[in-house]
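Reader: I have a model open on my screen and would like to learn how to read it. Could you take me through it step by step?

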Amino acid sequence: MFTSTMRRLRPFAMALGFGLLANSALAATCGNSADGFSNWKAAFAREAAAEGVGQRGLQALAGAQYASGTIAADRNQKSFKYSLEKFLQVRGATTIVAQGRKRRARDAAFYDALERQYGVPAGVLIAIHGMETGFGGFMGDSAVVSAIVTLTYDCRRSDFFRPHALGALKLVDQGAITAQTKGAKHGELGHTQFLPGNALRYGVDANGDGRVDFYNLTDALASTANFLRQKGWQPGQGYQEGQPNFAVIQQWNAAGVYQKAIALMGAQIDGG
Ligand SMILES: [Ca+2]
């Protein structure tokens with residue numbers, strides 16, 4: 001009697017097991033090629049909707065293309081192996097500092113206002129602006145939504161990029177970007193190359209036109225200052241290595257030479 005009950009139970013337990021498998025197959029599963037991207041997008045759309053992405057964002061997701069160029073760039077990404085001196089030379093630090101000083105002098109009132117509001121000195125913001133896009137000279141040519149969505153689908157760093165994909169879709173909802181907005185290979189936006197999740201969180205409409213626009217210089221630099229302030233920038237404290245605000249610069253970019261370069265160039269721009 002007991003045995004036969006067990007026998008009868010077993011198929012039921014197996015059915016339950018298959019049920020669980022079927023459910024997990026509905027969750028968005030990463031992939032390493034364009035095959036499976038469409039299925040993943042459909043599954044990710046359900047997750048995005050559950051996390052508050054609206055109609056416009058979901059439409060942008062549905063239209064996203066597998067970004068082969070982004071994946072190729074991601075696979076070939078080289079770590080910063082340069083010494084600081086070499087890095088400064090390769091990135092044209094002398095030119096950035098010289099141009100940065102001119103920019104600071106030309107728009108002194110603007111940079112002073114940013115420092116009054118956020119506590120971040122002009123040199124740091126201008127050094128970041130120069131390093132990220134050559135002062136807006138090249139802000140990228142990859143479709144941001146497609147790039148960031150593809151990186152989230154790709155198995156390598158799904159968890160890192162997922163909040164930025166959701167951020168990008170919410171930025172579409174808000175009208176801050178569209179499905180066509182272009183940025184860098186990893187979906188970085190605008191003058192200072194914000195990842196979309198950070199753009200959503202720290203973006204500021206500083207020129208007061210009702211829209212946070214990372215391709216507008218005023219909005220982009222105020223957003224950058226806001227990011228640094230929210231990450232713990234202490235007004236009036238130093239930002240060189242060993243000083244309190246260097247730890248905040250470290251949150252902008254993970255590469256050590258980049259952090260030191262920003263601190264050094266910032267001081268040269270501020271001192272000029
Ligand atoms: Ca604006």
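Author: We will start with confidence and make-up, then look at two helices and one helix packing.

Reader: Happy to. What pLDDT does the protein average?

Author: This is a predicted model, so confidence is a good place to begin. The protein averages a pLDDT of 91, and 89% of the residues score at least 70. Residues 1-25 are another matter: there the pLDDT is below 50, and the stretch has zero contacts in the model beyond near neighbours in sequence. Where pLDDT is low, the predicted coordinates should not be read in detail.

Reader: How many helices and strands does the protein have?

Author: You will find 14 helices and two strands. Of the 272 residues, 41% count as buried. Among contacts with a separation of 6 or more, 65% are between residues 24 or more positions apart.

Reader: How do I read a single helix, say α10?

Author: The general idea is that an α-helix has 3.6 residues a turn, so residues three or four places apart point the same way. Now the case here. Helix α10 covers residues 158-174, and at 1.5 Å a residue its 17 residues should span 24 Å; the end C-alpha atoms are 24 Å apart, which agrees. Its buried residues include Phe161, His164, Ala165 and Leu169. The buried residues of α10 pack against α2, α3, α9 and α11.

Reader: Which residue follows α10?

Author: Gly175 follows α10, and its phi is positive, near 85°.

Reader: And what does α14 pack against?

Author: The buried residues of α14 pack against α5, α6, α8 and α13. Those buried residues include Tyr258, Ala261, Met265 and Ile269. The length can be checked as before: the 16 residues of α14 (residues 256-271) should span 22 Å at 1.5 Å a residue, and the end C-alpha atoms are 23 Å apart, which agrees.

Reader: How should I describe a pair of packed helices?

Author: Two packed helices are described by the angle between their axes and the distance between the axes. For α6 and α14, the angle is about 45° and the axes are 9 Å apart. The two helices are therefore oblique to each other. α6 passes α14 in a right-handed crossing.

Reader: Which residues of α6 and α14 meet?

Author: On the α6 side they are Ala93, Ile96, Val97, Gly100, Arg101 and Arg104, and these meet Ala261, Met265, Gln268 and Ile269 in α14. Of these α14 residues, Ala261, Met265 and Ile269 are among the buried ones.

Definitions and conventions: Residues are numbered from 1 along each chain as its sequence is written. This is a predicted model: local features need pLDDT of at least 70, side-chain atom pairs count only at pLDDT 80 or more; totals for chains, interfaces and linings use all residues. Helices (H or I, at least four residues) and strands (E, at least two) are DSSP runs, numbered from the N terminus. The expected span of a helix is 1.5 Å times one less than its number of residues. A residue is buried if 20 or more other C-beta atoms lie within 10 Å of its own, exposed if 12 or fewer, and partly exposed in between; C-beta atoms are placed from the backbone. Two residues are in contact if their C-beta atoms, placed from the backbone, lie within 7 Å. pLDDT is the predictor's confidence in each residue, from 0 to 100. Axes are lines fitted to C-alpha atoms, for helices over the stretch in contact, and angles run from 0 to 180 degrees between N-to-C directions. Angles under 35 degrees count as roughly parallel, over 145 as roughly antiparallel, 65 to 115 as roughly perpendicular and the rest as oblique. A crossing is left-handed if the near helix is turned anticlockwise from the far one by less than a right angle, and right-handed if clockwise.
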